[in-house]
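Please open the structure in your viewer and keep the sequence panel beside it. This tour goes from one selection to the next and says what is there at each stop.

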Amino acid sequence: MKIMLKAIFLPLLFIFSSSAFSDSWYKIEVIIFANNDPMAIHEEFWPEINEIPVNDRAVELKGQSNDSDDLTAYQSLPNSRHELNSAKSSLNNSGDYRVLFHKAWVQPVSRTQNPRPIKISAGRVLDNGMQELEGHIAVGRGRYLHFRPDLYISQPVAPNNKATPLTKEEPQAQAMLTMQGESDTATETEAQAIQSLAETTSAFPVIPEILTAHQNQARRMKSEELHYIDHPLMGILVEIIPLETE
């Protein structure tokens, strides 16, 4: 009896488990745009980035197909298959933002914590050889869809926009330096302490001529909803739609 039950249920278990872990296909549409506000660079501390990491697993999106019914994996879809064209126009027309990347494609999405990344590069080539936008995005799924950006945005910084935010100690240091200038009786020890504090506060990193910032804020998502990922220097709009509902 046990042997008969195994013979009946084992194939069914295999079918259900294969279905549970098989890839599902989705259409993914992404807009990545830059913030044109020159003061946005002062909203955070930016560590220095001189090189964009290479991911050997990454796949590149193929050129746009002229066939709107072409659903080849990682094939860029024509504009007629885009859902976010009006959002792109609104962003560009606002004057506050500039769209760097807008593409839609289809791909299999696996139940994995390490989905295959897609290479992203867009925008102008800057004087240091970097493009304005470089990096990768990846989409996986568990109970929800998971969108994982790993993007680097680079932008030239105007010479008159390199003032850095004050640290907590800086007003204190400036006050002490002023007091030192007004008094000729400061001891050598006091003068050294004041100078040391001033040097500490002036060690805040200088903003380079070209600033590169990293965006790697992953987001759990539901399908068929428009999602927004914020960043001081960029924004990301994402819509993921199961192919069977397309």
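A salt bridge is counted here when a side-chain nitrogen of Lys or Arg lies within 4 Å of a carboxyl oxygen of Asp or Glu. Keep that cut-off in mind during the tour, and keep in mind also that what you are looking at is a predicted model.

**The whole chain**

Begin with the protein chain in a cartoon view, where the secondary structure comes to four helices and 10 strands. If you follow the chain from the N terminus on, the elements run α-β-β-α-β-β-β-β-α-α-β-β-β-β. Among the contacts with a separation of 6 or more, residues 24 or more positions apart account for 68%. The chain has 246 residues, of which 37% count as buried. If you switch to a surface view, the chain exposes about 14,800 Å², and carbon and sulfur atoms supply 51% of that area.

**Glutamate 132 and its partners**

Select glutamate 132 and arginine 98 next, and show their side chains, which meet in a salt bridge with a distance of 2.6 Å from N to O. This pair links distant parts of the chain, since glutamate 132 lies in strand E5 (residues 131-141) and arginine 98 in strand E3 (residues 97-109), 34 residues apart. Is glutamate 132 buried or exposed? With a relative accessibility of 2%, glutamate 132 counts as buried, whereas arginine 98 is partly exposed, with a relative accessible area of 30%.

Now add arginine 124 to the selection, because its side chain also forms a salt bridge with glutamate 132, the closest N and O atoms being 3.1 Å apart, which is within the 4 Å cut-off. Salt bridges that share partners thus join Arg98, Arg124 and Glu132 into one network. Arginine 124 is partly exposed, at a relative accessible area of 48%.

**Glutamate 83 and lysine 27**

By the same rule the count comes to three salt bridges, and one of them is formed by the side chains of glutamate 83 and lysine 27, at 3.5 Å from N to O. Glutamate 83 lies in the loop between E2 and H2 and lysine 27 in strand E1, so the pair ties together parts that are 56 residues apart in sequence. Lysine 27 is buried, with a relative accessible area of 1%, while glutamate 83 is partly exposed, with a relative accessible area of 45%.

**Leucine 91**

Move on to leucine 91, which you will find in helix H2 (residues 85-94). Its relative accessible area is 12%, so leucine 91 counts as buried, the limit being under 20%. Which residues does leucine 91 contact, leaving aside its neighbours within four places in sequence? They are Ile31, Phe33, Tyr97, Val99 and Leu237. If you select phenylalanine 33 together with leucine 91, you have two residues that are 58 residues apart along the chain, with their C-alpha atoms separated by 8.0 Å.

**A charged patch on the surface**

For the last stop, return to the surface view and select Asp37, Glu43, Glu44, Asp96 and Asp230, which form a negative surface patch. To place one of these residues in the fold, look at aspartate 37, which is in the loop between strand E1 (24-35) and strand E2 (59-60). Aspartate 37 is partly exposed, with a relative accessible area of 35%.

How values were computed
Residues are numbered from 1 along each chain as its sequence is written. This is a predicted model: local features need pLDDT of at least 70, side-chain atom pairs count only at pLDDT 80 or more; totals for chains, interfaces and linings use all residues. Side-chain values use heavy atoms; hydrogens and water are left out. Patches are made of residues with over 30% relative accessible area and no salt bridge: like charges are joined within 9 Å, nonpolar side chains (Val, Leu, Ile, Met, Phe, Trp, Tyr) within 5 Å. Accessible areas come from the Shrake-Rupley method with a 1.4 Å probe; for residues, only the protein chains shown count as cover. Lys and Arg count as positive and Asp and Glu as negative; His and the chain ends are not counted. The place of a charge is taken as NZ of Lys, CZ of Arg, CG of Asp or CD of Glu. Helices (H or I, at least four residues) and strands (E, at least two) are DSSP runs, numbered from the N terminus. Buried means under 20% relative accessible area, exposed over 50%, partly exposed in between (1.4 Å probe, protein chains only). Contact means heavy atoms within 4.5 Å.
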